[in-house]
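The exercises below deal with how the parts of a structure touch each other. Work each task before reading its solution.

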Amino acid sequence: MRAQPTLSVSEWKFQRSTTTKVAFFSRNFWDDRKCFPGPENDARQRKLKDRTSKAERRALQESQRAAKEAARASGNQTFFMPGMWEAGTNPYGSNEKKGVDKKPVDKSGEKDKKKEVVVPEKDKRKDAPAPRLQFDDEQKVAKARRRAIVEQTTETKHRVELFRHLPQFVPPTQLQALEEKYLQNDTMHIHPAVGLKYLTWDIVGGNARCVAMLEAFKEMIRDYTTPPQKVMSRDLTAKINSHVSFLSTCRPLSISMGNAIRSFKLKIGKLRDTLTEAEAKSSLVSHLETFAQEKIILADKEIVKHAVTKIIDGDVVLTHGFSCVVEMVLSHAHSIGKKFRVVVVDSRPRLEGRILLRSLLAQGLKCTYTHINAVTYIMQEVTKVFLGAASILANGTVYSRVGTAAAAMVAHGYRVPVMICCETYKFHERVQLDSICSNELGDPDALVGVAGRKEFRELVGWDESEHLRLLNLTYDATPADYVSMIITEHGMVPPTSVPVILREYRKEPIL
Amino acid sequence: MPDLQAAVDDFVIKLKRRQVEGSLATAKSTVLLLRQVVSHQRIPSSGPASSLIDAVKSVGSRLIAANPMELAVGNMVRRVLHIIREEEATIVAAQVGVTPVSDSDDDADVHGVPGLSAVALAAANRTALRAPSLHNLLESLPTSAGANVEPVPESDTKSRCKSSDKNSKSWKLKHGVIDAIGLLLGEIENYHSEISEQALEHIHQKQVILTLGRSRSLLHFFREAKKKRSFQVFVAEGAPRYQGHKFAKELAAMELQTTVITDSAVFALISRVNMVIVGAHAVMANGGIVAPVGMHMVALAARRHAVPFVVLTGLHKLCPLYPHNPSVVLNELKSPSQVLDFGEMSDCLDGTDGSPVHVVNPMFDYVPPELISLFITDSGGHNPSYVYRLVAEIYSPEDH
């Protein structure tokens with residue numbers, strides 16, 4: 001049994017809990033095209049063609065087809081076919097990808113031709129993010145569930161119909177089940193307790209979760225040894241996939257995490273074969289470290305430097321919820337002696353504003369605290385609004401904690417400038433117009449009681465009523481016209497510049 | 001008399017201590033109290049109306065001062081005053097032999113000329129009694145200004161014609177006023193049913209409705225609509241009172257598909273909502289409303305997504321005042337402990353030089369009339385721009 005590695009991130013402030021539990025993984029294959037769209041899939045496909053000869057591939061396909069027929073004949077579909085565990089193979093081909101023509105895997109002769117035809121198309125569409133798994137498509141959900149590590153008890157009884165396409169909330173009671181399931185098998189690699197911390201919402205916030213995940217990956221790389229007769233890059237990618245699938249089962253990945261994983265896999269894919277294992281490992285570890293340093297820590301320093309120039313004496317700054325970047329901006333502005341007041345607007349059920357309030361009060365800032373309903377009342381005194389973001393999408397929409405859109409809307413109505421502080425690694429090519437097509441559903445039971453006020457027990461036993469549902473959204477989409485300015489490490493840009501930054505600064509050769 | 005005093009004091013204390021809250025309850029109690037005041041009042045033969053008016057005014061000003069945010073109290077006082085003035089005008093008109101016309105308010109403010117003949121007075125009264133409508137404007141008035149009964153030394157005009165039936169007149173006035181107050185009471189108690197009758201006109205099949213907090217009239221409205229239509233409701237909880245929870249429970253008990261959401265999620269969901277229907281605490285004379293906190297944000301979101309914002313209100317909530325600086329004047333700040341518990345932040349405050357955290361907890365929100373699409377009242381549906389006419393119908397300008 002390996003000792004549980006500790007997470008050490010030095011200059012990072014984020015929420016942590018003191019209890020940790022150990023998590024284990026099984027090696028499982030997760031079709032990462034669903035979760036991690038991007039050009040590296042195409043790269044991998046092409047590598048497969050290079051490495052195995054045509055005859056070998058044909059043999060593989062024949063055996064798979066035979067197995068499939070046998071399974072179908074026996075009346076129960078299995079997905080375990082010979083050759084499935086070969087690193088890098090994807091026996092389901094491009095069937096899983098929605099919107100692309102379904103190419104049957106067992107037509108061996110035509111497959112190569114079709115692949116060649118299809119590849120240039122894919123090149124064109126490389127920049128468009130692949131569609132995500134939609135949870136109201138029953139076949140795909142059933143397939144995904146069969147391959148999932150953790151059993152998803154989707155309680156369809158209390159589902160809000162409008163959000164059927166999103167994964168329903170997984171309660172942390174799974175913790176027990178997870179531990180029991182994976183303590184048995186000792187060929188599993190121990191992954192740090194990051195996943196379970198996400199599950200219990202101990203680590204919250206785009207930057208925090210990403211950094212914790214990168215630290216976990218670093219540990220994993222350090223402990224990794226290539227199994228014999230396996231290519232390191234492919235085996236490692238498979239391992240990463242399995243770990244990531246575990247994380248996303250605990251809690252759907254944030255966009256910051258998704259971007260980090262993409263860049264990491266790209267790096268793995270680019271590893272030269274001539275490197276020894278030790279060299280490869282160290283290069284990967286250094287990539288992870290550079291990513292965290294450059295894209296997150298140093299970027300935040302730059303953002304703080306830019307944002308602080310926008311705060312003047314006598315300002316009343318409003319913020320919503322808790323964003324670590326905004327907190328750094330306010331602390332720094334206060335430390336260099338600017339005289340201003342802060343209004344912290346909070347919203348249920350997470351009440352994250354209280355954490356920010358504590359931290360600002362401890363530094364001696366003058367604070368006003370209120371709830372989201374009173375934002376129209378308080379906005380008359382406010383001169384500037386600083387907000388954080390989970391991500392900024394290609395059409396300028398700010399994807400952030402629920403309630404941010406309301407604050408931005410009211411600020412816009414009162415002609416108060418709204419400034420979003422966001423690192424560029426969180427930008428995404430996806431576009432979104434409303435908060436419903438893509439979101440994260442939180443725990444509905446969190447709405448039942450009110451923190452600190454025991455007299456509100458109206459909703460206890462809400463699940464007994466068939467007609468009552470509780471909806472706990474995590475994110476919302478703020479339209480770009482409410483945003484005056486986005487402060488990134490590359491400078492202060494209007495929301496219309498986001499696709500430009502995506503194009504210019506996020507081309508693959510960066511890392 | 002002493003029981004009346006005691007009753008008045010009792011009610012004033014209840015208002016001050018917020019033991020009686022909510023427009024319906026306060027309106028009813030006010031009207032009942034004022035009816036008592038009127039019935040106990042000894043009417044002198046000369047100037048019966050003015051004595052009644054003074055009595056009601058003195059009691060009313062005490063009630064209004066007890067809880068200035070409870071606008072329904074002031075509304076009812078003004079309604080009763082208007083009733084008294086109306087009754088007076090009707091009786092005077094009847095006395096002079098002119099058939100009493102349907103009431104309206106005495107809108108003229110000019111002092112009557114002493115020594116005016118009774119006939120001319122009555123004629124002026126008649127024109128004043130009618131609503132200022134188009135055909136009135138085209139008629140020529142007997143005097144350049146309508147006559148107002150009040151400031152005229154009544155002994156002069158009335159002594160000539162009414163000496164014989166002085167007592168019966170005051171008795172008639174009192175009786176008329178008490179009858180009218182009874183009608184008013186009935187109107188207040190039944191406004192729910194009047195509003196609910198209009199429910200089917202506004203809710204269609206499979207509609208998605210959003211509301212915030214809890215409103216009794218809305219409950220009846222939905223109940224009526226549920227009989228014939230199926231629709232679903234999103235209820236925003238309405239911090240910090242969380243009335244939305246109770247409301248959602250009631251709606252679910254009616255077998256209506258309800259979903260409880262947090263107030264922060266209103267903007268996220270409102271694009272999928274067909275209509276926002278809410279109740280109000282009070283309606284101001286310009287068409288704006290005073291509503292539970294958070295309503296302004298909902299109204300802004302509704303306008304952004306072009307979702308109609310409908311307000312259900314009874315006429316007893318209609319206030320003849322204009323909102324100047326409503327966030328300060330028409331608002332009350334409640335205890336901060338509802339938002340942030342006492343002592344919760346105390347660990348961060350030790351060691352600093354006492355910069356306490358300032359917690360803001362307003363109770364009401366003012367929604368300007370531009371954001372409101374429709375008022376549904378017991379007298380039908382109205383635009384916010386029509387509210388001033390409703391005010392003119394049920395109140396007298398002297399009492400504003």
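**Exercise 1.** Find how many salt bridges the rule gives across the interface of chain B and chain A.

Solution. Begin with the rule: a salt bridge is a side-chain nitrogen of Lys or Arg within 4 Å of a carboxyl oxygen of Asp or Glu. Applied across the interface of chain B and chain A, the rule finds 3 salt bridges. One of them joins B:R304 to A:D481, with the closest N and O atoms 2.8 Å apart. Keep in mind that this is a predicted model, in which local features need pLDDT of at least 70, side-chain atom pairs count only at pLDDT 80 or more, and totals for chains, interfaces and linings use all residues. Residues are numbered from 1 along each chain as its sequence is written, chains are lettered from A and ligands numbered from 1 in the order in which they are written, and side-chain values use heavy atoms, with hydrogens and water left out.

**Exercise 2.** Describe the extent and make-up of the contact between chain B and chain A.

Solution. Step one is the residue count: 57 residues of chain B and 59 residues of chain A take part, contact meaning heavy atoms within 4.5 Å. Step two is the area. The size of an interface is often given as the accessible area lost when the parts come together. Here about 4900 Å² is buried, 62% of it on carbon and sulfur atoms; buried area is the accessible area (1.4 Å probe) that two parts lose on being put together, summed over both. Step three is the polar contacts, of which there are 17 residue pairs (both at pLDDT 80 or more). A polar contact is a pair of N or O atoms within 3.5 Å; within protein, one must be able to donate a hydrogen and the other to accept it, and residues adjacent in sequence count only if both atoms are side-chain atoms. Among the elements of chain B that give two or more residues to this side are α12 (243-253), β3 (257-261) and α14 (295-304). Helices (H or I, at least four residues) and strands (E, at least two) are DSSP runs, numbered from the N terminus.

**Exercise 3.** In which sense do strand β11 of chain A and β3(B) pair?

Solution. Two strands pair if DSSP finds at least two bridges between them. Strand β11 (residues 468-470) of chain A and β3(B) have 3 bridges, in the parallel sense. In this pairing A:L468 stands opposite B:T258.

**Exercise 4.** Describe the contact between domain 1 and domain 2 of chain B.

Solution. The bounds come from an automatic or database domain assignment, which gives domain 1 (2-96 + 166-186) and domain 2 (203-394). Domain 1 of chain B brings 14 residues to the contact and domain 2 of chain B brings 21. Together they bury about 1400 Å², 58% of it on carbon and sulfur atoms. The rule finds 1 salt bridge across this interface. B:E332 and B:R18 meet in a salt bridge through their side chains (2.8 Å, N to O). On the domain 1 side, α2 (23-40) and α4 (71-95) of chain B each supply at least two residues, and α4(B) has the largest share, 7 residues.

**Exercise 5.** Do likewise for domain 2 and domain 3 of chain A.

Solution. The C-alpha centres of these two domains lie 30 Å apart. Domain 2 of chain A puts 15 residues in contact with 18 residues of domain 3 of chain A. About 1300 Å² is buried, and carbon and sulfur atoms give 54% of this. In domain 2 of chain A, the residues A:W201, A:N207 and A:I255 lose the most area, together 42% of what that side buries. A:R262 forms a salt bridge with A:E429, the closest N and O atoms being 3.5 Å apart.
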